[in-house]
Amino acid sequence: MEYEWLNVGKIVNTHGIRGEVRVISRTDFPEERYKVGNILYVDMGSDHIPVKIETHRKHKQFDLLTFENLHNINDVERFKGNLLRVPKDQSVSLDEGEFFYHDIIGCSVFTVEGEELGKIKEILSPGANDVWVVKRKGFGSDILIPYIPSVVKSVDVKESKIVIEPLEGLF
């Protein structure tokens with residue numbers, strides 16, 4: 001069966017000798033995706049290898065995972081540099097006004113006056129609210145847009161268009 005996949009994270013290294021891997025998350029829902037017992041798939045290029053999560057813990061900016069029946073560094077060494085994925089049909093349902101990162105990244109950003117500012121290239125999660133990083137159209141430094149109602153006026157993921165009311169001094 002051929003799936004469409006959602007990226008959950010990237011295995012960047014092993015951690016210790018007992019089969020633990022370091023993952024940089026690319027998911028909006030790490031607490032959901034990394035639950036003990038969940039099945040993830042390691043993208044090995046030509047094949048997706050299913051792995052069942054045995055343990056999960058946070059360490060610095062990483063999520064550390066172990067997988068069932070893979071308890072040695074030699075069992076997981078081959079996974080380094082590969083993506084962890086889930087089938088797209090396992091996506092989490094969202095409330096109104098919530099969006100997946102992959103729906104927002106790549107959207108064009110316009111002011112309420114219609115001026116195109118650029119495209120969203122990444123999303124930062126520093127604390128209270130997300131910050132959308134906009135790569136300017138043309139030259140110039142990136143624009144940081146706080147995802148708050150007073151700034152983000154509309155989001156149309158189908159049209160890949162976001163309209164904002166810039167705060168004074170925002171750019």
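Which residue in E6 does Tyr41 stand opposite? In this predicted model, Tyr41 faces Arg85. The two strands involved, E3 and strand E6 (residues 83–87), pair in the antiparallel sense over 2 bridges. Tyr41 also has a partner on another strand: in E4, its bridge partner is Pro50. That second pairing, between E3 and E4, is antiparallel as well and is held by 5 bridges. For background, strands of a sheet pair through backbone hydrogen bonds, either parallel or antiparallel.

Strand E3 itself covers residues 39–43, and 4 of its 5 residues are buried, so the strand is largely enclosed by the rest of the structure. Between E3 and E4 comes a hairpin with 4 residues between the strands, and in it Gly45 takes a positive phi near 95°.

Now for the bigger picture. The chain has 3 helices and 12 strands. Its C-alpha atoms fill a box of roughly 55 × 35 × 30 Å along the principal axes. Of the 171 residues, 36% count as buried. If one takes the contacts with a separation of 6 or more, 48% of them come from residues 24 or more positions apart.

Where do E3, E4 and E6 fit into all this? They belong to a closed barrel of 6 strands, which runs in the order E1-E2-E5-E4-E3-E6 with antiparallel pairing. On average, neighbouring strands of this sheet are turned by 50° against each other, direction ignored. One step along the barrel, strand E4 (residues 48–59) pairs with strand E5 (residues 62–67) in the antiparallel sense over 6 bridges. Within that pairing, His59 has Phe62 of E5 as its bridge partner.

The UniProt record has something to say about this part of the chain too: an unreviewed entry lists residues 8–90 as "domain: RimM N-terminal". Over residues 8–90 the model is 10% helix and 51% strand, and the C-alpha atoms at the two ends are 11 Å apart.

Two residues give a closer look at this region, starting with Gly9. Gly9 is found in strand E1 (residues 5–15). Is Gly9 buried or exposed? Its relative accessibility is 0%, so Gly9 counts as buried. Leaving out residues up to four places away in sequence, Gly9 touches Val23, Ile24, Ser25, Arg26, Tyr34, Asn82, Leu83 and Leu84. As for Thr55, which sits 46 residues from Gly9 along the chain, the C-alpha atoms of the two are separated by 16 Å.

The second residue is Thr27, placed in the loop between strand E2 (20–25) and helix H1 (30–33). Despite the loop setting, Thr27 counts as buried, because its relative accessibility of 13% falls under the 20% cut-off. The side chain of Thr27 reaches the backbone nitrogen of Phe29 at 3.1 Å. Once neighbours within four places in sequence are set aside, Thr27 is in contact with Val8, Arg33 and Tyr34. Tyr34 also turns up among the residues that Gly9 touches.

Further along the chain, aromatic rings come into the story. A pair of aromatic rings is described by the distance of the centres and the angle of the planes. The count for this model comes to 5 aromatic pairs. One of them is formed by Trp132 and Tyr147, which are stacked, with 4.6 Å centre to centre and 15° between the planes. Trp132 lies in strand E9 (residues 131–136) and Tyr147 in the loop between strand E10 (143–146) and E11, so the pair ties together parts that are 15 residues apart in sequence. How do the two partners compare in burial? Trp132 has 3% relative accessibility and so counts as buried, whereas Tyr147, at 28%, counts as partly exposed. Phe99 joins them, and Phe99, Trp132 and Tyr147 form one aromatic cluster.

Last comes a hairpin that follows the loop of Tyr147. Strand E11 (residues 152–156) and strand E12 (residues 161–164) pair in the antiparallel sense over 4 bridges. Here Val155 stands opposite Ile162 in E12. The hairpin of E11 and E12 has 4 residues between the strands, and among them Ser160 takes a positive phi near 55°.

Definitions and conventions. Residues are numbered from 1 along each chain as its sequence is written. This is a predicted model: local features need pLDDT of at least 70, side-chain atom pairs count only at pLDDT 80 or more; totals for chains, interfaces and linings use all residues. Side-chain values use heavy atoms; hydrogens and water are left out. Buried means under 20% relative accessible area, exposed over 50%, partly exposed in between (1.4 Å probe, protein chains only). A polar contact is a pair of N or O atoms within 3.5 Å; within protein, one must be able to donate a hydrogen and the other to accept it, and residues adjacent in sequence count only if both atoms are side-chain atoms. Contact means heavy atoms within 4.5 Å. UniProt positions are given in the numbering used here, feature names are shortened, and annotations may be inferred rather than shown by experiment. Two strands pair if DSSP finds at least two bridges between them. Axes are lines fitted to C-alpha atoms, for helices over the stretch in contact, and angles run from 0 to 180 degrees between N-to-C directions. Rings of Phe, Tyr and Trp (its six-membered ring) pair if their centres lie within 6.5 Å; planes under 30 degrees apart count as stacked, over 60 as edge-to-face and the rest as tilted.
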